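Reader: Hi! I'm new to this one and would love a friendly tour. Could you show it to me before we start?

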Amino acid sequence: MVMTTLESLRSGAGIAETSTGDRLTADQTRRLACQAGIIPVVLSGKGEILDLGRSKRLFTGPQRKAMAIRDRGCTADGCSIPAAWCEAHHQQPWSRGGKTNLADGKLLCPFHHHRAHDPAWQTHHHPNGSTTFHRRT
């Protein structure tokens, strides 16, 4: 996936970002777009089901794509792992009533995802979307 604004693509100015964290110039993005089958993503659109409530435990491909666009990578403070290498995580564990929707989902790299499920660590999900961990005493 390459994420950019329509304005940047049309004007040839600005920077795009891939789901692996690479940055592309507008010219590079336009060359890719010239040969690509472009599928625009509209955030908050009605094109695909992004909220599954409790009907499914695992996040779907479209939900993961939406999280990749929103989160851009691991949400743990200081982590630079790109979205393509991250896992979808329920902020409220599904086993304890968490929902499989974008509001409850976020991306964490495998290291931080394991830490989020480790009882030796306390996980804090902040309103700005970031995640921090503190060792329990």
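Author: Happy to. One thing to keep in mind is that this is a predicted model. A good place to begin is the largest nonpolar core, which has 14 residues. M67, C74, C86, L107 and F133 are the members that touch the most others in it.

Reader: Which elements give two or more residues to this core?

Author: Those are α3 and β5, the latter being residues 105-108.

Reader: Let's stay with α3 for a moment. Which of its residues are buried?

Author: In α3, the buried ones are Q63, A66, M67, A68, I69 and D71. They pack against three strands, namely β1, β4 and β5.

Reader: M67 came up in both lists. What is M67 in contact with, leaving aside its neighbours within four places in sequence?

Author: With that restriction, M67 has contacts to F59, R72, A88, L102, G105, K106 and L107.

Reader: I spotted cysteines in the core. How many disulfides are there?

Author: The count is zero. For C74, the nearest cysteine sulfur belongs to C79 and sits 3.7 Å away. A disulfide needs the two sulfurs within 2.5 Å, and C74 is in none.

Reader: And how far is C86 from the nearest cysteine sulfur?

Author: That sulfur is the one of C74, at 5.0 Å, and C86 is in no disulfide either.

Reader: Are those two buried or exposed?

Author: C74 is buried, with a relative accessible area of 8%. C86 is buried too, at 4%.

Reader: New topic: charges. How many salt bridges does the structure hold?

Author: Two. In one of them, the side chains of R72 and E17 meet, with 3.4 Å from N to O. R72 lies in the loop between α3 (61-71) and β4 (87-90), while E17 is in strand β2, so this pair ties together parts that are 55 residues apart in sequence.

Reader: How accessible are R72 and E17?

Author: R72 is partly exposed, with a relative accessible area of 34%. E17 counts as buried at 19%.

Reader: What about the other salt bridge, the one D71 forms?

Author: D71 pairs with R70, and their closest N and O atoms are 2.7 Å apart. D71 counts as buried at 18% relative accessibility, whereas R70 is partly exposed at 40%.

Reader: Back to R72. What is its phi?

Author: Phi of R72 is near 70°, which is a positive value in a residue other than glycine. Most residues other than glycine have a negative phi. The positive phi of R72 comes just after α3.

Reader: You mentioned β2. What sheet has β2 in its order?

Author: An open sheet of three strands, ordered β1-β2-β3, with antiparallel pairing. β1 (2-3) and β3 (23-25) stand at the edges with a single partner strand each, so one side of each has no neighbour in the sheet.

Reader: How many bridges join β2 to β3?

Author: Three bridges join them, with β2 covering residues 15-18. As an example of bridge partners, I15 goes with T25 in β3.

Reader: I'd like to look at histidines next. Where does H113 lie?

Author: H113 is in helix α4, residues 110-116, and counts as buried at 14% relative accessibility. Its side chain makes a polar contact of 3.3 Å with that of H117. Leaving aside neighbours within four places in sequence, H113 is in contact with E87, A88, H89 and L108.

Reader: And where is H125?

Author: H125 lies in strand β6, which runs over residues 121-125. At 25% relative accessibility, H125 counts as partly exposed.

Reader: Which side chain does H125 join in a polar contact?

Author: That of K106, with a contact of 3.1 Å. H125 and K106 are 19 residues apart along the chain, and their C-alpha atoms are separated by 9.5 Å.

Reader: What else is H125 in contact with?

Author: Besides K106, its contacts are H89, Q91, S130 and T131, again leaving aside neighbours within four places in sequence. H89 is also on the contact list of H113, so you can use H89 as a landmark when you look for both histidines.

Reader: Thanks, that gives me plenty to look at!

Definitions and conventions
Residues numbered from 1 in each chain as written. Predicted model: local features only at pLDDT ≥ 70, side-chain atom pairs only at ≥ 80, totals over all residues. Heavy atoms only, no water. Buried < 20%, exposed > 50% of the residue type's maximum accessible area, 1.4 Å probe, protein only. Pairing = 2+ DSSP bridges. Helix = DSSP H or I, 4+ residues; strand = E, 2+ residues; numbered from the N terminus. Salt bridge = Lys/Arg side-chain N within 4 Å of Asp/Glu carboxyl O. Polar contact = N/O pair within 3.5 Å; in protein donor to acceptor, adjacent residues only side chain to side chain. Contact = heavy atoms within 4.5 Å. Core = buried A, V, L, I, M, F, W, Y, C linked by side-chain atoms within 4.5 Å.
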